[in-house]
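Please work through the exercises below with the sequence and the structure at hand.

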Amino acid sequence: MEIKITKNTAPKAKVPANELRFGTTFTDHMFIMKHDSENGWHDAQIVPYGPISLEPSAMVFHYAQEIFEGLKAYRTKEDGEIFLFRPEKNFERMNLSCDRMCIPRFDGEQVLDALEQLIKLDASWIPTAPGTSLYIRPFIIATDRQVGVHPSHEYLFIIILSPVGSYFKEGLKPVKIYVETEYTRAARGGTGMAKCGGNYAASLIGQQKAEKLQYSQVLWLDGQEHKYVEEVGAMNVFFKINGTIVTPSLDGSILPGITRRSVIELLRHKGYTVEERLLHIDELMEAANSGALEEAWGTGTAAVISPIGELNREGNICVINNNAIGPVSQMLYDELTGIQWGLKDDPFGWRRIVK
Ligand code: PLP
Ligand code: COI
């Protein structure tokens with residue numbers, strides 16, 4: 001793919017690593033590509049990061065035809081190698097999100113190549129302090145200028161980059177999770193398995209409620225019966241119950257997390273039994289009350305491995321592992337970040353060097 005590059009002649013000052021708040025600082029450049037019915041995906045460019053101009057009638061503003069991804073680039077020293085973690089999986093998932101949202105597919109290899117060019121141009125923005133990385137946000141928006149409901153013909157594909165530290169203010173300290181029994185985020189047959197903005201819009205009210213009660217995130221239950229555990233706002237969930245690791249199966253309303261898949265592969269490789277199955281909230285709360293629930297954690301690109309220290313379901317509060325990070329969560333954090341930051345062997349071939 002031919003990419004026209006226009007360099008930023010007024011680069012910004014960098015934010016010191018200890019002042020990075022998740023997703024608030026952006027680098028000097030972005031990738032942008034257009035789609036229309038005549039030309040397909042075309043006009044790929046890397047340009048200075050900045051505002052884009054859209055008409056108020058652009059479809060994305062009205063019917064939320066939009067999808068996005070989240071992945072990271074890692075580097076532990078300036079001028080050191082830059083790694084991506086299974087980036088091809090993000091572009092595969094993005095194409096699945098395209099299918100669900102009636103957005104035309106794109107060539108994942110070509111976009112990955114464009115991403116690597118963008119990262120190289122903004123490489124000085126990749127933070128190197130422990131726990132930091134460059135968060136990558138590809139997204140596609142529908143830009144047809146009319147307010148009739150239909151799949152758009154015109155789109156923009158954009159990638160922006162953001163140097164980040166920890167997603168949760170707690171860092172690796174366990175987070176408190178509120179079990180939401182009133183609202184739902186997604187339902188089977190809906191868009192839960194796609195990474196589209198609408199899912200997150202639907203989740204805001206639950207998140208707001210949880211935060212008012214001093215909880216970091218929401219644990220969502222299934223949309224039909226409010227009985228089965230699905231996922232947390234920005235991560236998939238795992239529970240160690242009587243020695244077995246259980247994670248909700250992918251039944252269409254859960255995001256198929258790349259960290260989730262990697263953690264399952266890592267755990268099985270280390271000899272743990274992992275069950276992907278329906279997990280009833282009663283079973284989980286009983287296990288938590290009886291002490292059979294030994295550990296719980298979330299997995300995600302932004303959240304990495306995030307231990308869960310407390311669950312609150314309608315006032316039934318269960319503290320997990322004395323609100324401390326457990327040995328499996330710690331092992332997973334060390335193994336996963338060791339691979340991501342290039343500090344450990346990569347037996348699964350998950351790392352991709354940006355050349
Ligand atoms: N579930 C939701 C709702 C998410 O937003 C994310 C983050 O991307 C995840 C799960 C974890 O997915 P991944 O591990 O691919 O980042
Ligand atoms: C991610 O982990 O990439 C996410 O998308 C989570 C959140 C920032 C929405």
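Two exercises with worked solutions follow, after a note on conventions.

This is a predicted model, in which local features need pLDDT of at least 70 and side-chain atom pairs count only at pLDDT 80 or more, while totals for chains, interfaces and linings use all residues. Residues are numbered from 1 along each chain as its sequence is written, chains are lettered from A and ligands numbered from 1 in the order in which they are written, and side-chain values use heavy atoms, with hydrogens and water left out.

**Exercise 1.** Describe the surroundings of strand β13 (residues 244-248).

Solution. Strands here are DSSP runs of E with at least two residues, and helices are runs of H or I with at least four, numbered from the N terminus. Two strands pair if DSSP finds at least two bridges between them.

- Step 1: strand β12 (residues 236-241) pairs with β13 in the antiparallel sense over three bridges, and F239 has V246 as its bridge partner in β13.
- Step 2: two residues lie between the strands of this hairpin, where N242 takes a positive phi near 45 degrees.
- Step 3: β13 and strand β14 (residues 274-277) run parallel, joined by four bridges, with P248 opposite R277 in β14.
- Step 4: four of the five residues of β13 are buried (under 20% relative accessible area, 1.4 Å probe, protein chains only), so the strand is largely enclosed by the rest of the structure.

**Exercise 2.** Decide whether V149 is buried or exposed.

Solution. First, locate V149 in the loop between β7 (133-142) and β8 (155-164). Then apply the cut-off, which for exposed is over 50%: V149 counts as exposed because its relative accessibility is 68%.
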